[in-house]
Structures are given as structure tokens and as C-alpha cells.
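Me: I have a predicted model open and would like to know how its labels are justified. Please set each value against its definition.

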Amino acid sequence: MTFDPVAYLEQPFGHLADLINAHAANQPGRVALDDGAESLTWAETAALVRRVAAQLQADGLKKGQAVSILGTTTIRYAIAYLGAIVAGGCAAPLTTSATPKQLANMMVDSGAMHLFVDSAKRAELFESGVDLPPLQHIMMDDAAEEQAPAMREWMAEEGVEPKDLEVGSKDPFNIIYSSGTTGTPKGIVHSRQMRWYQMAVGENSGYGQPGQVSLFSTPLYSNTTLGIFVATVAYGGTSILMRKFDCQRWLELAQENRATHTMLVPVQYQRLMDFDGFDDYDLSTFTHKYCTSAPFSAELKAEVIERMPGGLIEIYSMTEGGVVCILLAHAHPDKLHTVGIAWGGSEVITVDEDLNHLPSGEMGELVGRSQTMMSGYQNQPEKTEEASWYDDNGDRWQRMGDIGKVDEDGFITLMGRSKDMIISGGFNIYPRDLEEALMAHPDVADAAVVGIASKQWGETPVGFVVAEEGVSLDLEAVKATTNAELGKTQRLSELHLIKELPRSHIGKILKTELRNIADAEKLSL
């Protein structure tokens, strides 16, 4: 009898290995992975994943033990990730933007004994002079080096099968390291049950369609990418992997591969909308476009809906889980200013500054619980507790760190990060309100607001703006126009021109860097 992956995913819990092998049997010749330089069918993918898993086990990998992965997004990266899971271990993809010291600390923190790495990142590690933990290095780009075999030479011989380990629902699936700018990023542990649930509900959010082709342009170390990637694998789709986002290349790949699904962050949508040749490409095969990780303006959502085929789905959550909201933007044009409604059994409430539960509809910090919550921070139980809120029954909820409110229809509007909230003269100021006012100016292409120290007010809001191309901004005029639209307690004290806002690889504005710029320019008022 033919193994039915969709029926299997309806079970309370299962294993990704079973799904990978089923796709290899059911559709051996269909392309599973393609990174532009290499392409693998499902039969080839499953065989390589099993060989990697078998060798990891032969090397002594224990159940639940981490496997570190560091490098550019390629097929080899994907095989290493999947191989770690199939071996019964835990994938620990490392952010390439971290410093060598941070990377070394993450390797130690994860407890890994293997590091899959490409030549560029390995050279960077050794040239830094940082003390590295004694991990077995495996070269993903097959450039074998001393004591670092090429991946294809290292893996088990053809036909060698991994042992079937009895992994449970609470065992770790992966550790995702947060993109912090200081210190060692926290390791966010996802259980196998969490990822299974995320895969199992995929059909309800647009995965699992016949002929699915997902185009990825964000890195595989990011949960932004992994959530959609793992679901695409689970349902037997094709994953097109980009090493780096480029508007023209993204459009070419979407057209050539007749892409049906994609995950993009807001800044990528903006760049596509601004690309001169955007309308010259055939994107008619798209059925679902996803967005997450950063604020997505209502104006940009409206433009994407108008100009790009297929539904637009905004996902609001965090790597730690907790609140999970979905906005079917194409179906709710009057709710584009929101991030949607609680989804998939997720629950959301608001709490005040003292963590008291607020009545429904009142603005406060969002806390939530769902079936996609993290198990906790790796080796940091105190940090797990700091990020938790407990109800009267003693049940744990995840603090989101966002200020928001829920309207009468259940749609959630975000006001800003609780850490970013500016308290000026005793009044709470939410940077997002000011940023939206700045973005309404026709000559402003991008904007961010931070709070800086003020002798008179305690804190005061300072804005940073990027000018539209070819425009010479009159900053005083922009500030005056913006302040005229704001309440008296919200008004900007200073406005500064910046060439480009500092952002992470997944498009989040790095406000710590903006505050550092403010400090360097002695903008304290």
C-alpha cells in the first residue's frame, strides 16, 4: 500500500524521516532541492540524507545531540540539517552574521560534536584567532582541508542505513540562535512535537498543494525560512534555495521554476515593488506569499496585493513561539494595519507593566500560548523564566515583548516593542506611531525612531529617515510636518538623515545600532 504523507501528517506525532523516505518512493524523479549550482531529486535527496545520518551515528552522535551548521544556504546545508534530524540528533544552524567569538560560544553552548561548514566561514574562524571547541569539521562545499573532510567523502557509503532511534515528541528538533547584537545569542530549543504540529497544520495555511514550488531567499539559519522550508519538505514540494537575495535573480527564478510559494521579509517586498523590471516577469503561478520577522506597512501590503498574484499571508509570531497570528491580507483589505487574528489554537491576552492581566481590548504587552512554543532557552533556565508569564492555573505563557491591542473582531494591532517604548515626561510613546507618521511623508523612503536620554523629559524621541532616491530632504520641514500630525507628548525632538537603516539579515531594524549612532553624535538632549 502506498504511504500517504498527508494522512500521516494528520497523526498526533510522527517523524520527518518517514516523510522524506515516502516522497522518495512516491515521486523519486521530482526535484526536491535546487540551489542554482546543484539539483537533487527526491530519491537522491533521501539517499544523501540517510548517508549523512548514518555517518553521524557512526561518529557517536547521541539522541538529541546538536549538530552545528555554518555557511551559505545551499543544497549541502539543507542535507546537513535534514541529516541531523534523521540521525536522531538536533540541528543547530548558526547565524553567519555573528562574530567568531560568538560562533565559538554557540558551538560550545549547543553541545555539538560536528560542524558542517563552508570554506569561507572556516577561514574566517581560523583567521580570527579565537579558541575553537574541538568539533569534527565537515566541508559542505567539498573543498577538503586538513582534518576537515569533504562532505561527500565523509558520509557513509551508499546503501548504509541509519539506525532507527526511538526519538520522542519532547526531544529537540533544532536550536535556533537569536540574532542578538551583543553577547552570545540565546539558543531557542524547538521540540520535535512543536515542528510536527507546525508541519501538520501546513495544509491549512497553503502547503501541500500538488506541484508546490517554494522559493527561498532568506538564510536557512533563520526560523523565518525554516518554518516554511520544513513544511515544504514534509509535503514533498520543491525547494528553490537562493544564496543571497537579488531582485532580478529572484524574479527570474520565480518565472523559470513556476514558483507557487515564497517567504519574503518586508524589505524584500519593498525592493521588488521598487524594481524597474518587476512587471516584465510572469508570476502568475504564485498561490501563496508569506511575510514575517519585521513590521509590514499597510501601504506596502496593499501594493503587493495589487501587483503580485496569489494570496498574501502575514505571520506574526516569534522564534520562541507564544502568540501566533495570521493575516490573510488579500481577504481583509480593511485590516491591513493589523497582524491578523490568533491562529491554530493560539491564545493571546495583554498585560500591564506590572504583568497584571488586562481586560479584553485594552492595550498592553502581548503574551500568548500555542502549540508552537519553544521548550526553553538552551542552558539558560533563568532567561526562559524572564520570558514567561503564568496564569492563575500555573500555565506558562510566552511574553512577546510587543505592545499591542486587540480590536472587537479579534485582530491585533502592534504599537511597538516594550523595550523600545519611550517614556517621556511620564507619558508612554510608541515608536511605531511616529514611524508611520514619518513614512507618510512623500519624500521619506524609510524611517525609524528611538528614545535617547533627556535631562528635561527623561527620554525623548529621535528620528532617522532615508530619503527617496534623487530627493534632497528638508529635515526641518519633514520634522515640522510630522510633528503637526502627532500629539504634543509624541513630537520628535530631532530628525537625522541616514543613507540606509541598519537591518539584520531578515530585515529587522537594529535599533541598538541607531542608539549607538545617536550616542556617537552626542545627540542626548
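Me: What makes the crossing of helix 3 and helix 4 right-handed or left-handed?

Reply: A crossing counts as right-handed if the near helix is turned clockwise from the far one by less than a right angle. Helix 3 passes helix 4 in a right-handed crossing. On the helix 3 side the contact is made by Thr45, Leu48, Val49, Val52, Ala53 and Leu56, and on the helix 4 side by Ile79, Leu82, Gly83, Ala84 and Val86.

Me: Why are helix 3 and helix 4 called oblique to each other?

Reply: The two pack at an angle of about 60°. Angles under 35 degrees count as roughly parallel, and the roughly perpendicular range is 65 to 115. The angle fits neither class, so helix 3 and helix 4 are oblique to each other. Their axes lie 8 Å apart.

Me: Which classes of residue make up the contact of helix 3 with helix 4?

Reply: The contact has 9 nonpolar residues, 2 polar ones and no charged ones. Gly counts as polar, and Gly83 of helix 4 is one of the contact residues.

Me: What lines the second largest pocket, by class?

Reply: Its lining divides into 8 nonpolar, 3 polar and 6 charged residues. The space in this pocket is about 270 Å³. Of the 17 lining residues, Ala17, Asp18, Val86, Lys163 and Asp164 are the closest to the centre. Asp and Lys count as charged, so Asp18, Lys163 and Asp164 belong to the charged class.

Me: Which helix gives the largest share of that lining?

Reply: Helix 2 does, with 4 residues.

Key
Residues numbered from 1 in each chain as written. Predicted model: local features only at pLDDT ≥ 70, side-chain atom pairs only at ≥ 80, totals over all residues. Heavy atoms only, no water. 1 Å grid on protein atoms, 1.4 Å probe; cavity = no way out; pocket = protein on both sides within 12 Å on 5 of 7 lines; lining within 4 Å. Points joined across faces, edges and corners; volume = space filled by probe spheres on them. Axes fitted to C-alpha atoms, helices over the stretch in contact; angles between N-to-C directions. Parallel < 35°, antiparallel > 145°, perpendicular 65-115°, else oblique. Contact = heavy atoms within 4.5 Å.
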